[in-house]
Amino acid sequence: MPRKPSSAATPDIAAARAAARNTDSAPAHPTDPAAAKGDLPATRAVQTQDLAAEMPFNANKAKEHGEANALETPAGQTASGDPGLAASSTLSERNASDKTGRPPKPGTSGPDGSLERVRADGGGQRLTTNQGVPVADNQNSLKAGARGPVLLEDFVLREKITHFDHERIPERIVHARGSGAHGYFECTDPATDLTRAAPFAEKGKRTPVFVRFSTVAGERGSKDTARDVRGFAVKFYTDEGNWDLVGNNMPVFFIQDAMKFPDLVHAVKPEPHHGMPQAASAHDTFWDFISLMPESTHMMMWAMSDRAIPRSLRMMQGFGVHTFRLINAKGEARFVKFHWQPKLGTHSLVWDEAVKISGADPDFHRRDLWEAIDAGEYPEWELGLQVFTQEEADSFSFDILDPTKIVPEELAPIRIVGRMVLDRNPDNFFAETEQVAFCVAHVIPGIDFTNDPLLAGRIHSYVDTQISRLGGPNFHELPINAPLAPVHNNQRDGMHRQAIHRGRVAYEPNSLGGGCPFQAGAAQGFMSVKARMDAEADSDKVRVKPEKFADHYTQASLFYESQTPVEQAHIAAAFRFELSKVTVPAIRARMVASLRNVSDALAEKVAKGLGMELPETMPCAMASPPRPEVDESPSLSLMARPGEGGIRTRKVALLVADGVDGASLRALVEALMQQGAVPRLVGPHLGAFATSDGGRIEVDASLENNPGFLFDALVLPDGEAAVKALAEIGQTMEFVKDQYRHCKTILAIGAGQALLTQAELPMSLPDGSADPGLILTDAGAIKKTIEPFAEALARHRHYERDTDPPRV
């Protein structure tokens, strides 16, 4: 039966719709059905509540006991009607592609590359074993009498427990903590002059993709907001097979040769004698290794910058890291580096905020991505190609095969060739996000490798890893990994083989199969570039690095000098924090000595923060590095890409207590929703609160379960009684101070301005000028304040307020 709305339910439709867009807290009372009209998230909230309300208790529980009931097991309780959206994994399932297919019909099950064939839905179906046998009783094991021993013949119990015991697969050694989404890549500028690769063949062509974002160092259950590199891996399901562009959110890497990768990972992982620290690089073994590997310095500048703590996975760049090659239909080859540029701009957390978020919501980035897609706020990136010739590469002051180097945009501009939109969440985290297997070796005609020594190791390592993680060589047959392009080869058998091949021929050449499958030939098949780099034909086989690889600091200096002053301050603070965790003074001194080759100013700040004398500069591997082409590259700053998103998906906390001025809050909620922001009403506890005009307003979060650092902006309400109540709660002051310290926008309405005074916030910037992030207004002027508030919020942060140490 449809439920009646609670008398305490909020009449504020916009607030109810905002609450339905969050996955970590909800109102204490059911959503008013009126909010569901024309709004999918609110409709799902109402339908889910209705579905759950049909089963106020387990009516069968009493019949699970006593031998008299042993042969009278009742059928399980089921809902009376169509569960609607409540049965979906994600609201985004309506966005279909050739890969994702359509949502399943209720009550269907299944084992081409489309995921549609394997989706299952248990709606209206009986519980069965893996052999399809209906299960009469899923509550009790089979015993010899009510108090007797469990019998070995209970195949239902044994199958269930055995499967459970084997549900986990080995986690990835690196990139274990990940989040994924489906979407598409759309070509906007055909690049047929550069490559014959299928995704770039014609304007408007769409290629399904699956993207997995990840942290590198932490284990599968670690936090999202650790200071770390983020993986940015894209699987293109192209007409000519799968292409995996497996990169990071930083364009360079720690090492120059795959030989050192196990050493790097062993150094950054928890120290083996006590298993600490988890998901962190601030410890002895990592910095011991890094300080002895000066080629890592450039990467450390990026890792100590705010790029290592992104505000959202939707707000970070992606890079292919290595230099690859593009080959066009004429066989002409050029070098390329891949760049993903987020439409929302590049934005980050601040360190204090990231640390606090990790405790309040370790799933912060995963939740943010899921909620945005389910709300229809689809993340988008442009794909850029940085293309250059062999002759240009030879003229650079650095070696393009060195993965610790970038090619500055001033030397090779970025050409935008398409956009990627993520518009569908996975149906099942394990089956898709966890089982997806990215391999650097997966390329398609038109794309090829170079002689980058780190890339060579990755080509082998990823395939080898998947065989171990996913149980054998047939990991490509798992639905999420299956290509849309047809697969025909003579590979047979192996663990978990799913294909059932027809005929007796499994070799080539053959006549018994009519010569099929036959090799495609150079015109249609994948062909490696004849020469990946110019090299002497008679060169010896050697274990050595090219001369230009020895320049370890020029680009590290380029990165640092290209940052804004506030970003430079954050880099110094990051080094200070990380090295303060190192317990061996000699390692600290060694690292600071290395930093002197980057910037004496940076090294001095770090040394001062560590209470140490500035050490002698570390000798360089290259005594006289070549003069760099550029000394500063503005595009390397996060501030260079503010994005186009405005305030869409930004979360705004509006504090609520009894006696709050409801009219101004309602007006703000409605206005923010119209601009795509996500307002959240936050009270001392969940439930409804009385407004000063005699109404009721329902909150969907509390000061306890949603602290201030989880939000992008704060609204302090009008209403003397409400302000007095909030002022007596210590969490309110923490909320206000965190918002200020993290340089976020604060709007104080009428009496709410007293909370700024109580929190002892400076009302002006350090230089005495007005703080653009502090907006004061009266309730009667709220409509005039909405646009200034939105403009301040669109800046994301007000770094003019940032000081070290902080003033609050």
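How are helices α16 and α20 oriented relative to each other? In this predicted model, the axes of α16 (residues 662-674) and α20 (residues 782-794) come within 10 Å and cross at roughly 40 degrees. Angles under 35 degrees count as roughly parallel and those from 65 to 115 as roughly perpendicular, and the two helices are therefore oblique to each other. The crossing in which α16 passes α20 is right-handed. On the α16 side the contact is made by S664, A667, L668, A671 and L672, while α20 contributes I782, I786 and F789; by class, this contact has 7 nonpolar residues, 1 polar residue and no charged residues.

An open sheet of 6 strands, with parallel pairing, follows the order β15-β12-β11-β16-β17-β18. Because β15 and β18 stand at the edges with a single partner strand each, one side of each is left without a neighbour in the sheet. Within the sheet, β16 and β17 run parallel and are joined by 4 bridges, and L714 stands opposite I746 in β17. Helix α18 (residues 730-741) packs on the sheet, where it touches β11, β12, β16, β17 and β18, and its direction makes about 135 degrees with that of β16.

| Strand | Residues |
|---|---|
| β15 | residues 701-702 |
| β16 | residues 713-716 |
| β17 | residues 745-749 |
| β18 | residues 774-777 |

Elsewhere in the chain, an unreviewed UniProt entry places the feature "domain: Catalase core" at residues 128-516. In the model, the end C-alpha atoms of residues 128-516 lie 41 Å apart, and the span is 22% helix and 19% strand.

Conventions
Residues are numbered from 1 along each chain as its sequence is written. This is a predicted model: local features need pLDDT of at least 70, side-chain atom pairs count only at pLDDT 80 or more; totals for chains, interfaces and linings use all residues. Side-chain values use heavy atoms; hydrogens and water are left out. UniProt positions are given in the numbering used here, feature names are shortened, and annotations may be inferred rather than shown by experiment. Axes are lines fitted to C-alpha atoms, for helices over the stretch in contact, and angles run from 0 to 180 degrees between N-to-C directions. Angles under 35 degrees count as roughly parallel, over 145 as roughly antiparallel, 65 to 115 as roughly perpendicular and the rest as oblique. A crossing is left-handed if the near helix is turned anticlockwise from the far one by less than a right angle, and right-handed if clockwise. Contact means heavy atoms within 4.5 Å. Ala, Val, Leu, Ile, Met, Phe, Trp, Tyr, Cys and Pro count as nonpolar, Asp, Glu, Lys and Arg as charged, and the others, Gly among them, as polar. Two strands pair if DSSP finds at least two bridges between them.
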